Amino acid sequence: MTGGARDPVADADLPRSVVIAGGGSAGHVEPALAVADALRAAKPAMVITLLGTEEGLETRLVPARGYPLRVIPRVPLPRRLTPSLLTVPFRAAGAVRAARRVLDEVDADVLVGVGGYVAFPAYLAARWRRCGIVVHEANPLPGIANRVGARLTRHVAISVPGTSLPHAVLTGTPLRTSLLALDRAGGRLAAREAFGLDPGRPTLLVFGGSQGARRINAAAVAAARHLTDAGIQVLHAAGAAGAADVRAALPGELEAPYVVLPYIDDMPAAYSAADVALCRSGAMTCAELSAVGLPAIFVPLPIGNGEQRINAEHAVLAGLAEMVADDELTGAWVQTRVPALFAEPGRLERMSAAAVTSRHRDAGAALVAMVADAHREAAHRKAGGRERPDS
């Protein structure tokens with residue numbers, strides 16, 4: 001089912017307090033923060049609390065965006081329905097109790113979960129407290145946390161058509177306002193100068209997610225001489241663990257700038273600086289590149305349940321990206337394909353236009369409307385009504 005455009009939700013229809021559960025990787029933290037931003041814009045007085053763990057990126061990203069972060073124990077979950085799932089209730093008991101304490105202390109009306117280690121105990125705690133529950137799934141193949149959460153509520157948002165969850169409504173992935181409003185062309189020169197790049201050269205952005213990616217790092221470094229000899233400069237986010245190795249492996253005296261950073265905090269600026277991205281195809285990455293119209297070469301991470309490959313296939317079919325398998329990505333492949341992509345007349349412009357037409361710009365508003373609906377339903381149940389969350 002696809003969600004259509006929604007009228008703005010009235011302040012009075014929104015809850016007083018919302019907890020948003022999502023942590024670990026940027027793929028969970030950024031959607032959680034985008035939902036928080038949309039809720040804050042809809043009701044500035046709302047109490048918004050982010051729920052995460054002590055180990056994830058949320059410990060840095062959430063405070064930087066001005067939201068309080070509460071942490072609970074990290075409980076790894078099996079990615080499929082296997083016998084090990086039977087042990088989860090015992091291992092999760094402490095996390096559920098911790099989540100219940102947070103919900104009680106902030107007097108939460110609604111819990112929004114975006115999947116991952118934090119969401120599973122949070123869903124159970126919210127059900128015990130009789131809070132409204134909203135689920136957002138960014139990936140085409142849902143993890144176990146959201147598969148459980150979706151059975152506790154009728155308010156389920158998905159980002160990829162065909163994602164198999166009960167009551168699913170296609171909303172897309174909520175994104176930061178700064179991304180939705182980004183003018184890549186208008187900000188290109190300033191962004192390149194800010195990163196120490198040549199304002200006039202074609203630019204390849206290389207990154208592998210918040211932790212970097214060894215395969216992508218190695219292929220980009222192996223192709224560095226050929227790329228820069230072709231006049232292509234590189235902005236490379238290599239990960240905290242990989243940046244020093246990438247710098248050490250680069251050949252000297254390159255013909256064009258090759259800037260290596262451990263992590264890029266200002267991704268909108270990086271997207272403005274770039275003409276093409278070489279990167280993994282996590283759900284958040286795909287959503288962001290589509291939103292800003294940046295062509296991509298996706299290298300799906302070849303582990304897990306295959307969602308990155310499916311993400312990349314959707315992008316390729318839409319015309320906004322190319323895809324190469326992880327075991328096929330080499331320096332020789334990069335030095336052959338990337339310059340050819342830049343040289344093909346009109347190709348990057350066509351890819352960018354395809355990205356723009358495939359994006360969902362109103363995901364944040366759709367999630368706000370779901371929060372309002374979940375709040376009304378929960379209030380009705382608490383008042384003694386007959387409506388059930390799974391009816």
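This passage describes two parallel sheets, the helices that lie against them, and one glycine in a predicted model.

One open sheet is built from 7 strands, arranged in the order β3-β2-β1-β4-β5-β6-β7, with parallel pairing. At its edges stand β3 (69-71) and β7 (168-170); each has a single partner strand, so one side of each is left without a neighbour in the sheet. From one strand to the next, the twist averages 25°. The edge strand β3 is joined to β2 (residues 47-52) by 3 bridges, and the two strands run parallel. Within this pairing, Leu50 has Leu69 of β3 as its bridge partner.

Two helices are placed across this sheet. Helix α4 (residues 119-129) lies across β1 (17-21), β2, β4 (110-113) and β5 (132-137). The direction of α4 is at about 160° to β5. Helix α16 (residues 363-382) lies across β1, β4, β5, β6 (156-158) and β7, and this helix runs at about 150° to β5. The edge strand β7 is thus among the strands that α16 crosses.

Another open sheet consists of 6 strands in the order β10-β9-β8-β11-β12-β13, and its pairing is parallel. Here the edge positions are taken by β10 (258-261) and β13 (321-323), each of which has a single partner strand, so one side of each is left without a neighbour in the sheet. The twist in this sheet averages 15° from one strand to the next. Strands β8 (residues 203-207) and β11 (residues 276-279) run parallel and are joined by 3 bridges. One residue of this pairing is Leu205, whose bridge partner in β11 is Ala277. Helix α12 (residues 283-292) packs on the sheet and touches β8, β11 and β12 (296-298). The direction of α12 makes about 165° with that of β12.

A residue of helix α16 was examined individually. Gly364 lies in this helix and has a relative accessible area of 17%; because buried means under 20% relative accessible area, Gly364 is classed as buried. Neighbours within four places in sequence aside, Gly364 is in contact with Ala38 and Pro174. Gly364 and Thr171 are separated by 193 residues in sequence, while their C-alpha atoms are 8.4 Å apart in space.

How values were computed: Residues are numbered from 1 along each chain as its sequence is written. This is a predicted model: local features need pLDDT of at least 70, side-chain atom pairs count only at pLDDT 80 or more; totals for chains, interfaces and linings use all residues. Side-chain values use heavy atoms; hydrogens and water are left out. Two strands pair if DSSP finds at least two bridges between them. Helices (H or I, at least four residues) and strands (E, at least two) are DSSP runs, numbered from the N terminus. Axes are lines fitted to C-alpha atoms, for helices over the stretch in contact, and angles run from 0 to 180 degrees between N-to-C directions. Contact means heavy atoms within 4.5 Å. Buried means under 20% relative accessible area, exposed over 50%, partly exposed in between (1.4 Å probe, protein chains only).
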